[in-house]
Amino acid sequence: MLLGAVRAGAQTYTPTADNLAARQNFQDMKFGLFIHWGIYSELGAGEWVMNEKHIPYDSYKRLADFFNPQAFNAHEWVMFAKKAGMKYITITSRHHDGFSMFGTKASPYNIVDATPYHKDPLMELAQECVKEGIELHFYYSLLDWGRKDYAYGSPIVDGKPANGDWDSYINFMKAQLTELITKYPGVKGIWFDGHWERDVNWHYDEIYGLIHKLNPAILVGNNHHLEPKEGEDFQMFEKDLPGANTTGFSGKSKIGALPLETCETINNSWGFNITDRSFKSSKRIIHYLVNAAGLNANFLLNIGPMPNGKIQPEFTDTLAIVGAWMQKNGEAIYGTRGSGIPAQPWGVVTQKDKNLYVHVMTPPQQPYVFIPQLKGKVTKAVLLGDGSAVKFKQQTEGVFVYLNGVTTDPNDTIIKLTTN
Ligand code: JFZ
């Protein structure tokens, strides 16, 4: 009884039918473009440069005076994503440096009011996304290195920064989130980050409640590296496939019941980094995407555009290859769900309706792959590329698919199984 009374205060979140439909649509998209772009891009040393190089906030702020991305072209960015086979874009609206990359009345420290550019690239991007049928999510940092009310570094007492004004900061975030959701056309999601910086009361009930009140279909995610919290609509995994936890970031986030997303960098940086040339190959990116799909997760691949607004050619070249591959093999990725068949040494299995897609990414020693735990009876097996028949043998424990004579693909040989 007492428990019931205590819990009555915390609202339980019931997603609307529109929100549930948005989650399905989100899972169908599978591949998205993550973009980290801000005044930090000018220094070419990643988005943490202010913190890592101990640049005082007042000095760092001067970067806004020179931020003038004349070569930014929203159409080019959207076409870049589209050509890569991506269906959505998640872009930093405000990162930990606190600089708003959109026009906001809640703070003068924003791209329209504080830079010689004077324009709102996120509005152009939002409009272009609507035009081209690409969905848009906004990354939004909870952590702020500069604002007095946030009081970065302050001791935390009773769930608030002792030297800050927590109510003021929460209200500021609410004002900005309201702008992002109501002013920008077609926004489909908010991607929070920075939770892990301090142990405070983030007022998620109010913040998530506000977002879902303004638009119940908006998908809320939070890079808190914990199990999903009340009010969230998808669960993300940073730099790791769900369940892998090689980075240690996701140790406390067991895979929950919500749609899943995993994000990873195209080199080793989120924000533009001029010395980072550790470019991932197209093959590695395709494998990450296929492995994510096999685990029922979306893949959000990050790039850090240059301060002039251009995307560097290395990224364009790699993603053109990925896009061509997706054009040919998208049937086995888009709209699929994880099959529940565990990842195998040779690859994964995705599923759509009665079809199973066997992704052989690491060709086995023996001339066949064995698929355990397969439900249903396989009636047909073909090579996805050309529809040619592939030999198979089904037993109670699973299905053998024979690879002799099958034309292999250096990235991923896909065998489509039809079940009854
Ligand atoms: C966070 C950001 O700090 C980073 O700049 C980028 O935006 C990325 C997508 O998200 O990265 C993190 C988050 C948490 C930890 C480390 C990096 N952590 O808990 O150690």
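This report describes salt bridges in a predicted model, together with the surroundings of one lysine.

Because the model is predicted, local features need pLDDT of at least 70 and side-chain atom pairs count only at pLDDT 80 or more, while totals for chains, interfaces and linings use all residues. Residues are numbered from 1 along each chain as its sequence is written, and side-chain values use heavy atoms, with hydrogens and water left out.

## Salt bridges

Side chains of opposite charge can pair when their charged atoms come close. The structure holds twelve salt bridges, a salt bridge being a side-chain nitrogen of Lys or Arg within 4 Å of a carboxyl oxygen of Asp or Glu. The table lists some of them, including the pair of Arg337 and Asp28.

| Basic residue | Acidic residue | N to O distance |
|---|---|---|
| Arg337 | Asp28 | 2.8 Å |
| Arg94 | Asp144 | 2.9 Å |
| Arg277 | Glu314 | 3.3 Å |

Helices (H or I, at least four residues) and strands (E, at least two) are DSSP runs, numbered from the N terminus. For accessibility, buried means under 20% relative accessible area, exposed means over 50%, and partly exposed lies in between (1.4 Å probe, protein chains only).

Arg337 forms its salt bridge with Asp28; Arg337 lies in strand E11 (residues 337–338) and Asp28 in helix H2 (residues 17–29), so the pair ties together parts that are 309 residues apart in sequence. Asp28 has a relative accessibility of 31% and counts as partly exposed.

Arg94 and Asp144 also meet through their side chains. Since Arg94 belongs to strand E2 (residues 88–94) and Asp144 to the loop between strand E3 (135–141) and strand E4 (156–157), this pair ties together parts that are 50 residues apart in sequence. Arg94 is buried, at a relative accessible area of 0%, and Asp144 is buried as well, also at 0%.

A further salt bridge joins Glu314 and Arg277. Glu314 sits in helix H11 (residues 313–329) and Arg277 in the loop between strand E9 (260–265) and helix H10 (282–294), so parts that are 37 residues apart in sequence are tied together. Glu314 is partly exposed at 23% relative accessibility, whereas Arg277, at 57%, counts as exposed.

## Surroundings of Lys82

Lys82 is placed in helix H5 (residues 74–83) and is partly exposed, with a relative accessibility of 34%. Leaving aside residues up to four places away in sequence, Lys82 touches Glu132 and Ile134, where contact means heavy atoms within 4.5 Å. The C-alpha atoms of Lys82 and Gly133 are separated by 9.2 Å, although these residues are 51 residues apart along the chain.
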